[in-house]
Amino acid sequence: MTELDAVKAALKTQAVETPSWAYGNSGTRFKVFAQQGVPRDPREKLADAAKVHEFTGAAPTVALHIPWDTVDDYAALAKYAEELGLRLGTINSNTFQDDAYKLGSVCHPDAAVRRKALDHLFACVDVMDATGSKDLKVWLADGTNYPGQDDIRERQDRLAEALSAVYDRLGDDQRLLLEYKLFEPAFYSTDVPDWGTAYAHCLKLGDKAQVVVDTGHHAPGTNIEFIVATLLREGKLGAFDFNSRFYADDDLMAGAADPFQLFRIMYEVVRGGGLTPDIAFMLDQCHNIEAKIPAIIRSVMNVQEATAKALLVDRDALAAAQRSGDVLDANAVLMDAYNTDVRPLLAEVREESGLGPDPMAAYRRSGWAERIVAERVGGEQAGWGA
Ligand code: LRH
Ligand code: MN
Ligand code: MN
């Protein structure tokens, strides 16, 4: 196999998970601009996700969010996904939208609220059992707004207790993925604010607990690829939530704000042997003003482009330059790969897989956008939170 064949083979097996909630209406805290044709239930979200997969060939799984995707029969939903050529992926829990959670969920000072949150996490594992999903992703909005509001050490104890109860409930091939976020909605202290806290909890829990890196969840200027490299070294990188940010947790299309950062992250993934099905490469984005399905297709393509560039890095030349201390050459090797226009390569990869070379154009030609506007009338549109 030539080197280029190996790159193509890797690109052909790359899978990006799309989140059900990205297909629904979402907005800023000021306004949600509703769009016509948006899904009204989980099945319609899956139908849209199937289109992303049909035209990219790279988005075979869909993450669900409970309770936004509540249905009576999860096994039937998984079967419907299969009929569409998809699988259900990560189950995302939600312990942040109930009035009871004003002071937190599993870290709340009141044991009754902690119990309610824990029951929800158990219910999410029940959903996984029904859908065959392997991963439970836990992001907690827990934290405090004012110094002295609660005992931040005790909150860690409560967190550890809840995580360990969830961990014990997991089946042999299920994982608990813990997602950190620097701030928001809590503004003074957050109970899982960074990868170090997430890592410390996951390390104590055991092999089935791993960390999620959401690219929008760091302080500005954070070297995310270093975090990725470190977690991969320690065998603790479980998943990504890809999205772009300019300021805070903006949830813009992946690769839109800083494609160079996405490349640097994907290089560390490739370098660390992380391009495997053991790591879930998910998008976690919300589309406020742009059409949802093509925006998701764009993100998938952006992840593919960053990956292609990462795979094209001449690792031997890079290692030689690094070992000889040639700073400029080493940097040039990396930049050569980044500056390569990989769009023709990806078009070729798609054509070899029986797809159209340009997923955006193929989607546009398909007429799906017009069809859902015509057919999805009546009922209530799904949104971030429904
Ligand atoms: C939190 C977050 C988390 C949630 C999603 C809806 O900001 O990224 O992953 O599950 O938003
Ligand atoms: Mn996220
Ligand atoms: Mn987020």
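Student: In which hand does α10 pass α11?

Tutor: In this predicted model, α10 passes α11 in a left-handed crossing.

Student: What makes α10 and α11 roughly antiparallel to each other?

Tutor: Helix α10, residues 315-323, and helix α11, residues 327-338, pack with their axes 8 Å apart and at an angle of about 160°. Angles over 145 degrees count as roughly antiparallel, and therefore α10 and α11 are described as roughly antiparallel to each other.

Student: Which residues make the contact, and how do they divide by class?

Tutor: On the α10 side the contact is made by A317, L318, A321 and Q322, and on the α11 side by D329, A330, V333 and L334. By class, the contact of α10 with α11 has 6 nonpolar, 1 polar and 1 charged residues.

Student: Why are α1 and α9 called roughly antiparallel?

Tutor: The axes of helix α1 (residues 3-13) and helix α9 (residues 292-312) cross at roughly 150° and come within 10 Å. Set against the cut-off, under which angles over 145 degrees count as roughly antiparallel, this value leads to the conclusion that α1 and α9 are therefore roughly antiparallel to each other. The crossing of α1 and α9 is right-handed, and the contact is made by V7, A10 and L11 of α1 together with Q304, T307, A308, L311 and L312 of α9. The residues of this contact of α1 with α9 divide into 6 nonpolar, 2 polar and no charged.

Student: What is notable about the backbone at E184, and where is E184 found?

Tutor: E184 has a positive phi of about 80° although it is not a glycine, and E184 is found in the loop between β6 and β7. Most residues other than glycine have a negative phi, and most peptide bonds are trans. The peptide bond from E184 to P185 is cis, with omega near 10°, and P185 lies in that loop between β6 (175-179) and β7 (189-190).

Student: Which residues does the other cis peptide bond, with omega of about 20°, join?

Tutor: That cis peptide bond joins I66 and P67, and P67 is found in the loop between β2 (61-65) and α3 (74-83).

Student: How do you know which residues are around ligand 1, and how do they divide by class?

Tutor: A residue is counted if its C-beta atom, placed from the backbone, lies within 6 Å of the ligand; the residues around ligand 1 are W21, N92, W139, E179, K181, D214, D241, D249 and D284. This shell divides into 2 nonpolar, 1 polar and 6 charged residues.

Note on methods. Residues numbered from 1 in each chain as written. Chains lettered and ligands numbered in written order. Predicted model: local features only at pLDDT ≥ 70, side-chain atom pairs only at ≥ 80, totals over all residues. Nonpolar A, V, L, I, M, F, W, Y, C, P; charged D, E, K, R; others polar. Axes fitted to C-alpha atoms, helices over the stretch in contact; angles between N-to-C directions. Helix = DSSP H or I, 4+ residues; strand = E, 2+ residues; numbered from the N terminus. Parallel < 35°, antiparallel > 145°, perpendicular 65-115°, else oblique. Left-handed = near helix turned anticlockwise from the far one by under 90°. Contact = placed C-beta atoms within 7 Å.
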